[in-house]
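Visitor: Please show me the structure, and let us then discuss the ligand site and the sheet beside it.

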Amino acid sequence: AQARDQIQVAGSSTVLPYASIVAEAFGENTDFPTPVVESGGSSAGLKKFCEGVGENTIDIANASRKIKDSEVSACAEAGVKEIIEVRIGYDGIVFASDIKGNGFKFTPADWFKALAAEVVVDGKVVPNTAKTWADVNPDFPAQPILAFIPGTKHGTREVFEEKVLAAGCEETGAKEAFVASGIDAKEAGKKCMAVRTDGLAVDIDGDYTETLARIEANKDGIGVFGLSFYENNTDKLQVATMSGVVPSTASIASGEYPVSRPLFFYVKKAHIGVIPGLKEFAEFFVSNELAGPEGPLAQYGLVSDPELAATQAAVAAETVMAH
Amino acid sequence: MTDAILPNVASAPASATKSRSLLEVDSHTRRRNAAETRFRFYGIGAVLIGLFFLVALLWAILSNGLTAFMQTSISIDLHLDKAAIESAEKSVVKTSKYNEMIGAALEEKLTAAHIETGMPVKDLMKILSSGAASTVRAFVLDNPDKYGSTVPFDLLASSRVDGYLKDRVTREALANDKNLDAAHLDIVDAMIKAGVIAKTFNWSFVFGSDASDSRPEQAGIGVSMLGSLYMMLVVLVLSLPIGVAASIYLEEFAPKNRWTDVIEVNIANLAAVPSIVFGILGLAAFIQFAHLPQSAPIVGGLVLTLMTLPTIIISTRAALKAVPPSIRSAALGIGASKMQSVFHHVLPLAMPGILTGTIIGLAQALGETAPLLLIGMVGFIASNYPAGVADGFFSPNSAMPAQIYEWAKRADPAFYERAWGGIIILLVVLMSMNILAILLRRKFERRW
Amino acid sequence: MPLSLLFASCLLIAALAFLMGRGKAFKSAGGDIRKLHSLPGYYGWNSALMVLLPSMAALVIWLAVQPLVINSSVSQMISTQSVEASSLDLIMSDVRRVAEGLNKAVEAGAMTEAEVSGATAESMNVRERLGAVGVALGSDVSNETLQAAQSYRDLSATSGLLRTIAVLALALGGLVFGVVRTNKDFRARNTVERVILGLLIAAASIAILTTVGIVFSLIFNTVEFFKLYPAADFFFGLTWSPSFGGGSDLGILPLIWATLYISLIALAVSVPVGLFAAIYLSEYAAPLVRSVAKPLLEVLAGIPTIVYGLFALLTVGPLLVDIFGSNGVLHLGWMQGGTAVMTAGLVMGIMLIPFVSSLSDDIINAVPQAMRDGSLGLGATHSETVKQVILPAALPGIVGAILLAASRAIGETMIVVLGAGAAARLSMNPFDAMTTVTAKIVSQLTGDADFASPEALVAFALGMTLFVMTLGLNVIALYIVRKYREQYE
Amino acid sequence: MTQMPGTIKAAKMTDTKISARNVQVYYGDTHAIKDVNIEIGSRAVTAFIGPSGCGKSTFLRCLNRMNDTIDICRVEGNIDLDGEDIYDSRVDPVQLRAKVGMVFQKPNPFPKSIYDNIAYGPRIHGLVRKKAELDEIVASSLQKAGLWNEVKDRLDGPGTGLSGGQQQRLCIARAIAVSPEVILMDEPCSALDPIATAKVEELIDELRENFTIVIVTHSMQQAARVSQRTAFFHMGNLVEIGDTQDIFTNPVDKRTQDYITGRFG
Amino acid sequence: MTQMPGTIKAAKMTDTKISARNVQVYYGDTHAIKDVNIEIGSRAVTAFIGPSGCGKSTFLRCLNRMNDTIDICRVEGNIDLDGEDIYDSRVDPVQLRAKVGMVFQKPNPFPKSIYDNIAYGPRIHGLVRKKAELDEIVASSLQKAGLWNEVKDRLDGPGTGLSGGQQQRLCIARAIAVSPEVILMDEPCSALDPIATAKVEELIDELRENFTIVIVTHSMQQAARVSQRTAFFHMGNLVEIGDTQDIFTNPVDKRTQDYITGRFG
Ligand SMILES: Nc1ncnc2c1ncn2[C@@H]1O[C@H](COP(=O)(O)OP(=O)(O)OP(=O)(O)O)[C@@H](O)[C@H]1O
Ligand SMILES: Nc1ncnc2c1ncn2[C@@H]1O[C@H](COP(=O)(O)OP(=O)(O)OP(=O)(O)O)[C@@H](O)[C@H]1O
Ligand SMILES: [Mg+2]
Ligand SMILES: [Mg+2]
Ligand SMILES: O=P([O-])([O-])[O-]
């Protein structure tokens, strides 16, 4: 078996653009070879990551969500006991529609009323019958509801459900009404996040290009995008505000814009010292020159982490996750 | 015995047609001929439907992808100052220091061309690709003898500027864009006039390597083309002989019993296994069990081999079945062994069918992405050319369809254009592969 | 001796054996090949195979066993506390890396053999020295690692020598054996053909191995899934709606329904079009038309599926809505959005045309001319001949082609995702959006759910179920073909 | 020579069924049939004899335009059936072939059941309305071809599972089943044993009452037994044609004489 | 009947080349050959006659184990060639078939050139060392089969482009080319004209000097002309075997008598 000399990274396709920008720069600016960054999803990446230690396993897993406890223990069982968690920043999630169409100023409540499977009307739980945005909120134009939301495979879906639908559910008081209708709080929570299935909410299992293509095919559609994707396609899309806040790296970093999620990568500590350049890569990734607010990652659309310095320190010290 | 029946055959139906002239077509025949004509038209229609869709698809591909073959670049003259280079080499992100040198040179160039910018250098640099610095640095490291001299560079323009020259980007479109402003376009217009900026044929798209999301203008498909080539080598070298050998055994030698039925059903079933499942198998068998390297074309080739085998076996078996048994008897009858009769007579006659299966199998393998996802060939992989032939099989690489798939997902529209351009190249490769097979097939084709 | 050289020498010996075997056979027949049992070439091949078979088998076994043996003996040098601190696997890869680096350094002349064997971690900065010859190490080398690496090198060298000797000895032994055995009455052809038959059988069993491999790579996770999720709900559930928080509904029925529905539509497009195209090309078209149109149609099979997916999404879907939608030409209101089973089915059908047309064309072409003559001579029209004589005669092959197309339809994802959508639904309306088993295998496998959760593991159960299902369909297809097959001549 | 039906029957036929004038056939550049002129009498049996490769099959195939199916084959000249040019553009070869049936040199049963082999022709020509009628035709055709007793219990068995001779009789039965006006037979008995041959010859004799029959044969005995007129071909030329009796007893041409007086009486 | 060589030659052959004892052949459940015992003499021609479907071809194919290739075919009993059981497990059927060549009922040339059709056998059996020798074999085989003059200018043309009779002669030439000890011929002349038939019969007569020949024929004249011994099969049984002369003049069994005294002398 030949010794592997490049770093192997796998995981989230959301993190992939950032990781590849860093990998490219790492290859150009150091004597180490350019790391290999596979995509395939957070879960698949973590699964590979947790297969064990050794040269034929990957060194770093990218994830667009925090690693789950169950995954940590699965990792430990396979011998991956020491994991360094690195948060690189945040991914803003924005709502955008065709550039030539109507503009929207949303609140989570609007989305709940538009997409929930069941809503509360006059205190009664009834199936959602709203057909146009005007049915939801009289301020909106009578544009048919057609929402392209992330499919159930995407982590973004979870964020959308929790930060938009569930928030809207509470905001409108629907959750209380659900509980009042005789189900327990947990069930009510589930109901808050149940999306209607009559075709007005379209699951997208592909990526943002697919969502964009669907909006191009049907101009009434409103899609869920990552901030960086939107910023690269401002000629085709107009972004909606959420609770009055325009999404941008700044408004998300400050916490004003509510819909975002953290992005991570996980390093196998055991591989540091064995795989050449691994620690250097991790440090390079979170350095101010790259991950800082002025760096290329932010330039591309990453919301840089206000607590980057702490992260840098943790990487330098090889601090592993507690479990 | 015959006398009893003879009259009725001779009289009844025959007399009906007997008197009729050949020159007038009776209604039954007319109906049949109409059916014949219809049938023929169905055939022509079917071929035309197929060709129509082919043309429609090719049109879509060409109209979206041809622009990828041109690329905008800017020529500047850069003075390679030894001190500046040495200080740049000391910093963490060395390329950012080179950017400063390039910025200065660009400004100089514009001033020389009498173009008024009124823009800070940092903003002005948005016209250039963010990969410009690494291009310069690579040159500098390779040519230490050029220190102190002034070298002309053709640096890539940024993807927005390139889009502007390709009519994809307009001033209105830049309204909300933070990567470029309308003011830049005024400068670009002036630069075009001054001949500083120009579109040229994009060789680096054909031969270059993948680039990260921040510099679409630099991305090329060359390395992943090589990855595909290595994979196809593996597939061809393994799946054609193995597939043909398996078919020969099953069709010519295997006793016809339960066991061969099991194999037969098995093979047909493997054809229906989704390709991603072959990826799961490849990950388990080749990477986790056999410890072959991740992301390597050899593994991809092996997985695709397993995936194409059923296609080749099924078509080869059908072709072998179609060879008349009399050919086999003829050979056996003059004392050829079964093996000889198969290899000397049956196999050459079955060759057209085998080649068809191979074409379709390879086409499928060449365009497949899903299994590659699981063995790590999709993502940001194809960033370096392999060092040698053996390295080509074992070092990480992507493949054309994976590269295309990856580009199609990326945010910058310039990548979308490249995805279509990549499809054009994929089809060119595919067709040149087919032509060989078709020539061979024509050689073997014959009706007996 | 390096591997490639060893391999080359084996080939060389085999070539020699070929010549000697052939020559000896020749001589034993007194130069008259008529006296030989087999053609001289067979004697040559026989001897060559006697060289290659044992030596290559030994080489392969050696290559598989050597690392295991060396690793286990070297790893005894690693102290238990360093194993606890890291893992044996990693330390061993470090050891291998250092050993390889040392080899490289010696090769490059940066170090002498004596320097290498005498080196200790204190006396030399190994990391730096190796860095100079381009071998990057992850960290400084401990003495323990260095010593292990030195012993690894020694063992490898010894083992390499032994390997060379063993393999060459076997090769030469084979040469002697093969050549000695050669005489004019020796049944060389039978021996060679037996070896070839062995190879053929080996090739055929790869299909079985693949199946076993697939079952193995799916079964553990499938079992894991059924531990977490009730099998009855999976097989008989009518809803498919995974969710991250748990409590998902993972009923396979809507997926299976859509899979069959889409495949059916795809076949309804590709089989008639493909078959008619095949008939036209093989029976009616001029040779020139055929030689152009056939490969052109084959290009359809090579266009990446993502293109078809976009074609479905951007062209076919909107077109269908314009016809069947509520504001469509027909004012039917059957179709809500462009994404539908019909969209995906149609586009997939186009992709599958060459699968049916090319394979069927070859098979129709192979039906003997006497069949056509017989029918035409009775006054049948060409189309009657085709329909009633040629197609039945070509049936097994055509069914094979159709099955292949159906298989592709079942296994396709990209067109489904872009054409039919990602949300599962159980509906009779072909203009509704639905999704298939394969599409869901891909999405759950590449999704974001916890990899140990039922939402992710369900991919394996889906794969397994689909596997068993298509197996059943294939058994039925085989039975039908057997029943209706018609053999000519 | 035991028997010569031709001698007993009226030697001259009443009228001409087929007449060919200046027929030339080319396979690519090969000139296979050279300027053949012939008249074939109605309700009579005409035999074509001649050495192998002389063009008998080729000329026979011209008579129902089976040569149309060979790409490289080109036919020139005139062939009239009942006074109508069969190569006229208005003539439908399908209708022609229904009138002029053919039995080939190599037996070529369809890969179908025996029943379906026979039923095929009547079905495509719409000769029957009911299943019972079809059964009737199948049975009588097989009986006439002398195959009925051998296959009556296995009508559903495959036609390809028969012995060579059985297959050839099946093909004859198949041709009879569509009751054509002219039947072309290309060595129909070459695969048959004497008993089966006798049956077929008997059948030919019976069919002659109503049909015109052209038969290619290698057996001069057979030609003598069944035919009223015999044509001798040689190297693409029609050397001689005449009453069978005359040809065999009194050949005009030297080549004919050589051929029929070979070693065999 | 003009000539009967069997009467001139010594009626008893010197020794036995092939002897079959209690041979049974089944196609699946069909019992096609029933308990046949026969001795076939060396350097002599044995003819198999009998009505179509009686099992002549089937039995013939047992003699060089061509039946091995039919899955459903099962052979029981003993068949010895030169005293060695050809169904012994140690016997290589390929070697057997090189010794016992075969010409089939339907001509089946390879879709190759005429030259390659003939050259194939000598090549795989290593009968030649030089191209010149091969040319020699090809030419002499074609000459013996009476095809040389017709094809000598088109040896590179396809074997499938020949007329039916030419194809059959090609197949005979192909079988001769490997100079086997025994030649099995399944109706070799059924597609031939008299001249070609005469050539082949002459050839058979010549080959008899050195080879053992078994011929299936439908023509009793042919059997009488070329064979020394004749075996009559009926419904899978070997009814009678004896000197050709005796069989034709003095058949013992009623069935034989009925068959050969049909309508034809
Ligand atoms: N492959 C086969 N499968 C099943 N039955 C067969 C097969 N070949 C021959 N038979 C049957 O075996 C019997 C003997 O056939 P065989 O071919 O030996 O006859 P034959 O004497 O050669 O007839 P012919 O003179 O017509 O060629 C026939 O009833 C035939 O139907
Ligand atoms: N399809 C073909 N292509 C080229 N040449 C052909 C073709 N068919 C026949 N020929 C040639 O035409 C000539 C006449 O052939 P034809 O088949 O008519 O002979 P035939 O008299 O029927 O002989 P046989 O009695 O042997 O069947 C021969 O030389 C033959 O080689
Ligand atoms: Mg002929
Ligand atoms: Mg027979
Ligand atoms: O690929 P993701 O895990 O970022 O959705």
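Guide: A residue is counted as near a molecule if one of its heavy atoms lies within 4 Å of it. The model is a predicted one.

Visitor: Between which chains does ligand 1 lie?

Guide: Of the 19 residues around ligand 1, those that come nearest include D:Ser163, E:Ser52 and E:Thr58. The shell also takes two or more residues from each of two elements, helix H7 (164–177) of chain D and helix H2 (56–62) of chain E. Ligand 1 accordingly lies between chains D and E.

Visitor: Which residue has a polar side-chain atom 2.4 Å from an oxygen atom of ligand 1?

Guide: Two contacts to oxygen atoms of the ligand involve the backbone: a polar backbone atom of E:Cys54 at 3.3 Å, and a backbone N or O atom of E:Gly55 at 3.0 Å. The side-chain contact at 2.4 Å comes from E:Thr58.

Visitor: What share of the area that ligand 1 exposes when taken alone does the protein bury?

Guide: The shell residues divide into four nonpolar, twelve polar and three charged. Taken alone, ligand 1 exposes 630 Å², and the share buried by the protein is 81%.

Visitor: Which are the edge strands of the open six-stranded sheet of chain E?

Guide: The strand order is S6-S7-S8-S3-S9-S10, with mixed pairing. Each edge strand pairs on one side only; they are S6 (100–103) and S10 (237–243) of chain E.

Visitor: In which sense do strands S3 and S8 of chain E pair?

Guide: E:Phe48 stands opposite E:Val216 in S8(E). Over four bridges, S3 (residues 45–49) and S8 (residues 212–216) of chain E pair in a sense that is parallel.

Methods
Residues numbered from 1 in each chain as written. Chains lettered and ligands numbered in written order. Predicted model: local features only at pLDDT ≥ 70, side-chain atom pairs only at ≥ 80, totals over all residues. Heavy atoms only, no water. Polar contact = N/O pair within 3.5 Å; in protein donor to acceptor, adjacent residues only side chain to side chain. Areas by Shrake-Rupley, 256 points an atom, 1.4 Å probe, with all protein chains shown as cover. Nonpolar A, V, L, I, M, F, W, Y, C, P; charged D, E, K, R; others polar. Pairing = 2+ DSSP bridges.
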